[in-house]
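Please work through the exercises below with the sequence and the model side by side. Each task is followed by a solution that goes step by step.

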Amino acid sequence: MKAVSYTFFVSAAEYPKLQAACPGDFPFDYAEFCAGVDRSIQEAAGTVAIEKVYISVDKFLAWCAETNARPNNISRARYAAQTGYPWWERLD
């Protein structure tokens with residue numbers, strides 16, 4: 001049995017919002033964004049199962065404001081994990 005990981009993913013309609021919210025992090029078009037996510041999933045397939053978590057950028061930014069987090073790679077990863085596996089904080 002493989003571990004499961006969650007990756008932050010947005011629809012084509014949400015992608016411009018993500019680019020605006022995270023300047024410099026997504027300088028490529030949506031097709032390249034999708035290809036990069038798919039490539040990462042494929043490269044990790046031998047060790048971990050990665051599931052795409054479709055994110056609302058507005059909800060992500062609201063979460064960032066509530067948690068005082070900058071909208072960067074770390075906060076995107078945390079939000080994807082929390083959204084994909086919402087009881088992750090109770091695993092202690």
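The exercises that follow concern a predicted model, and they go from the whole chain to single residues.

**Exercise 1. The overall fold**

Task: Determine how many helices and strands the protein chain has, and in which order the elements run.

Solution: The count comes to 4 helices and 2 strands in the protein chain. Read from the N terminus on, these elements follow one another as β-α-α-β-α-α.

**Exercise 2. Dimensions and packing**

Task: Decide what the radius of gyration says about the protein chain when it is set against the value for a compact globule.

Solution: Start from the chain length of 92 residues, for which a compact globule would have a radius of gyration near 12 Å. The protein chain has 13 Å, which agrees with that expectation. Next, take the extents of the C-alpha trace, which spans about 40 × 30 × 20 Å along its principal axes. Then turn to burial: of the 92 residues, 29% count as buried. Finally, consider the contacts with a separation of 6 or more, 63% of which are accounted for by residues 24 or more positions apart.

**Exercise 3. Surface and charge**

Task: Describe what the protein chain exposes, and how its charged side chains are distributed.

Solution: The exposed area is about 6000 Å², and carbon and sulfur atoms supply 55% of it. As for charge, there are 9 positive and 11 negative side chains in the protein chain, and the centres of these two sets lie 2 Å apart.

**Exercise 4. Aromatic pairs around Phe 9**

Task: Establish which kinds of aromatic pair Phe 9 forms with Phe 33 and with Tyr 54, and which parts of the chain these pairs tie together.

Solution: The aromatic pairs in the model number 13. One of them joins Phe 9 and Phe 33, whose ring centres are 5.3 Å apart with 20 degrees between the planes; since planes under 30 degrees apart count as stacked, this pair is stacked. Phe 9 belongs to strand S1 (residues 3–9) and Phe 33 to helix H2 (residues 30–44), so the pair ties together parts that are 24 residues apart in sequence. Both partners are buried, Phe 9 with a relative accessible area of 2% and Phe 33 with one of 5%.

The pair of Phe 9 and Tyr 54 has a centre-to-centre distance of 5.0 Å and an angle of 80 degrees between the planes, and is edge-to-face. Because Phe 9 lies in strand S1 and Tyr 54 in strand S2 (residues 48–54), this pair ties together parts that are 45 residues apart in sequence. Tyr 54 itself is exposed, with a relative accessible area of 56%. Phe 9, Phe 33 and Tyr 54 are among the members of one aromatic cluster, which also includes Tyr 15, Phe 26, Phe 28 and Tyr 30.

**Exercise 5. A charged side chain in helix H4**

Task: Is Arg 76 buried or exposed, and with which residues is Arg 76 in contact once its neighbours within four places in sequence are left aside?

Solution: First place the residue, which is found in helix H4. Its relative accessible area of 6% is under the 20% limit, and therefore Arg 76 counts as buried. With the sequence neighbours within four places left aside, Arg 76 is in contact with Phe 8, Leu 18, Cys 22, Asp 25, Phe 26, Phe 60 and Pro 71.

**Exercise 6. Loop residues**

Task: Locate Asn 68 and describe its backbone angle phi, then find how far Pro 23 and Ala 13 each lie from Asn 72 in sequence and in space.

Solution: Asn 68 is in the loop between helix H3 (57–67) and helix H4 (73–84), and it is exposed at 74% relative accessibility. Most residues other than glycine have a negative phi. Asn 68, although not a glycine, has a positive phi of about 55 degrees.

Pro 23 sits in the loop between H1 and H2 and counts as exposed at 64% relative accessibility. From Pro 23 to Asn 72 there are 49 residues in sequence and 9.4 Å in space, C-alpha to C-alpha. Ala 13, in the loop between S1 and helix H1 (15–21), is exposed as well, with a relative accessible area of 66%. Ala 13 and Asn 72 are 59 residues apart in sequence and 20 Å apart in space, C-alpha to C-alpha.

Definitions and conventions. Residues numbered from 1 in each chain as written. Predicted model: local features only at pLDDT ≥ 70, side-chain atom pairs only at ≥ 80, totals over all residues. Heavy atoms only, no water. Rg over C-alpha atoms; globule rule 2.2 N^0.38 Å. Buried < 20%, exposed > 50% of the residue type's maximum accessible area, 1.4 Å probe, protein only. Contact = heavy atoms within 4.5 Å. Areas by Shrake-Rupley, 256 points an atom, 1.4 Å probe, with all protein chains shown as cover. Lys, Arg positive; Asp, Glu negative; His and termini not counted. Charge placed at Lys NZ, Arg CZ, Asp CG, Glu CD. Phe/Tyr/Trp six-rings, centres within 6.5 Å; stacked < 30°, edge-to-face > 60°.
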